[in-house]
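Visitor: Got a minute to walk me through this one? I'd like to begin with the sheet.

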Amino acid sequence: SLSLAIVSLMVHFRWSWVGLILPDDHKGNKILSDFRKEMERKRICTAFVKMIPATWTSSFVKFWENMDDTNIIIIYGDIDSLEGLMRNIGQRLLTWHVWVMNIEPHIIEYDNYFMLDSFHGSLIFKHNYRENFEFTKFIRTVNPKKYPEDIYLPKMWYLFFMCSFSDINCQVLDSCQTNASLDMLPSQIFDVVMSEESTSIYNAVYAVAHSLHEMRLQQLQTQPCENEEGMEFFPWQLNTFLKDIEVRVNSLDWRQRIDAEYDILNLWNLPKGLGLKVKIGNFYANAPQGQQLSLSEQMIQWPEIFSEIPQSVCSESCGPGFRKVTLENKAICCYNCTPCADNEISNETDVDQCVKCPESHYANTEKSNCYQKSVSFLGYEDPLGMALASIALCLSALTAFVIGIFVKHKDTPIVKANNQALSYTLLITLKFCFLCSLNFIGQPNTVACILQQTTFAVAFTMALATVLAKAITVVLAFKVSFPGRMVRWLMISRGPNYIIPICTLIQLLLCGIWMAISPPYIDQDAHIEHGHIIILCNKGSAVAFHSVLGYLCFLALGSYTMAFLSRNLPDTFNESKFISLSMLVFFCVWITFLPVYHSTKGKV
């Protein structure tokens, strides 16, 4: 569970770009496989993997290449395999790295020429063993006089307490202080608590002792008459008992269980030689997910170069509104950031794909949130709606004013000469045409959508048919020098006036077919205006709609043709000039309007 513990620490500090230094042996390859499995699961990448050879030399120059690619470097191994590496790191004064290790460096062994230390701020994972109080008591009470047969104790007392001893029998002389004890020494010099290496030796010694005991009992049971003073066996015979020692002596007090629990220590070694190892957290592999790692970040001392928690990433995080784009032939932690596409968002960091907003929502400018679109339509309270309604009403009032003038002067020769009935019809239909534009203002409904197109089409058809009838009447009156019987009948019976109902009936037939096939309906457009849903009327059948417009264009062309034929009429008949000019301008505007209306999205 050590790889899981270290990777959990990487995830906690968001370190996604780390280096690995491992021994080049079976244990190193095994832990490398474990690290890669856990890192791949947590999307953490390795900047480099360096395997320490069995024979380490300080001249191994290639080993230090690419070491500065990351600030976070994981070191795994034991004291024997890492001794040369640890000493070399201390000599190089690498103070810009955070070392995450499973061993405790021996601070006292290094020369104290500098205040700074390469290992200051390192994080150490140490097994959480049950404390052996008997061993601690032994360490506190041991001295050379109590155990005179131990040749190492006098040397320790000489080094630590400046006691003199005899070179002949290695005995401490009386010059030593009487209360000298190992627990008086600083913990970085001599720790009375059993270390991880000592615990392994402790377990191994007792495992062998209990295995020998079990083997002896078995021999006595099979050969009870054998001499009890001696015990002869081959070393390989002990393997069977060592193999089953965990099952058979599980309840014994000597056994130090190695559970999946780790203490996390922070090395305080500034100034160099301080050597404090402060517990700053724990890792419990058997705890529920999310509760395995506990840290006290405020207690952590980082290397002097860092004023805050170090960052170690291959690429800077992609913030909200951006997504990651992986780089070819690069690790997954190395990427570029690109903004989300239109109407797409990302509200988290380092996302692979942006999320598209629903049709009823729109993305804000930062592309980090989707907001509800507001429903909009051309209303009378809007400035544009108010302006259009005012123009329509003013023009309608102006038309009504002109009708009033015609009515007031209906008995005058000029009014009679201008074909009074057609003039009234034209003015009334023009008034309705202006008022039809009010159907396009306000919240659309089914009735309004139908009336928008049909009422205007019919009213405008009547207006064009009236102009066409007027033009034909003028042409018949002034262009025919010798009228025949048919022409005379048309003039007497006012035949051109029948053009209006005929043309209107044709338009009504087209509108009826339109309404039967696919009438206009209420529709929504969420793309015209950013952040708004426009409620509008969909024209329904495009073929029927363009047929109605095409018919209006046909009438405009006929009116223009008649106006063109009457362009050279006598100046005394002013209406012919007005018809020719107005129809010329109207036909040009109508031809221009059709493609513009077809290409626009607003339809207003």
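Guide: Sure. This is a predicted model. Eight strands make an open sheet, ordered E2-E1-E3-E4-E5-E6-E7-E8, with mixed pairing.

Visitor: Which strands stand at the edges?

Guide: Strand E2 (45–52) and strand E8 (293–295). Each has a single partner strand, so one side of each lacks a neighbour in the sheet.

Visitor: And what does the twist average from one strand to the next?

Guide: The average is 25°.

Visitor: Take E1 and E3. In what sense do they pair, parallel or antiparallel?

Guide: Parallel, over four bridges. E1 covers residues 17–23 and E3 covers residues 72–75.

Visitor: Which residue in E3 is the bridge partner of Ile 21?

Guide: Ile 75.

Visitor: New topic. Where does His 120 lie?

Guide: In the loop that runs between strand E4 (98–101) and strand E5 (123–127).

Visitor: Does that histidine count as buried or exposed?

Guide: Buried. The relative accessibility of His 120 is 3%, and the cut-off for buried is under 20%.

Visitor: What is His 120 in contact with, leaving aside neighbours within four places in sequence?

Guide: Leu 267, Trp 268, Asn 269 and Leu 270, plus Gln 301, Trp 302, Pro 303 and Glu 304.

Visitor: Now the whole protein. How many helices and strands?

Guide: 16 helices and 17 strands. Of its 604 residues, 40% are buried.

Visitor: What share of contacts with a separation of 6 or more comes from residues 24 or more positions apart?

Guide: 63%.

Visitor: Last one: how much surface does the protein expose?

Guide: About 34800 Å², with 59% of that supplied by carbon and sulfur atoms.

Terms used: Residues are numbered from 1 along each chain as its sequence is written. This is a predicted model: local features need pLDDT of at least 70, side-chain atom pairs count only at pLDDT 80 or more; totals for chains, interfaces and linings use all residues. Side-chain values use heavy atoms; hydrogens and water are left out. Two strands pair if DSSP finds at least two bridges between them. Helices (H or I, at least four residues) and strands (E, at least two) are DSSP runs, numbered from the N terminus. Axes are lines fitted to C-alpha atoms, for helices over the stretch in contact, and angles run from 0 to 180 degrees between N-to-C directions. Buried means under 20% relative accessible area, exposed over 50%, partly exposed in between (1.4 Å probe, protein chains only). Contact means heavy atoms within 4.5 Å. Accessible areas come from the Shrake-Rupley method with a 1.4 Å probe; for residues, only the protein chains shown count as cover.
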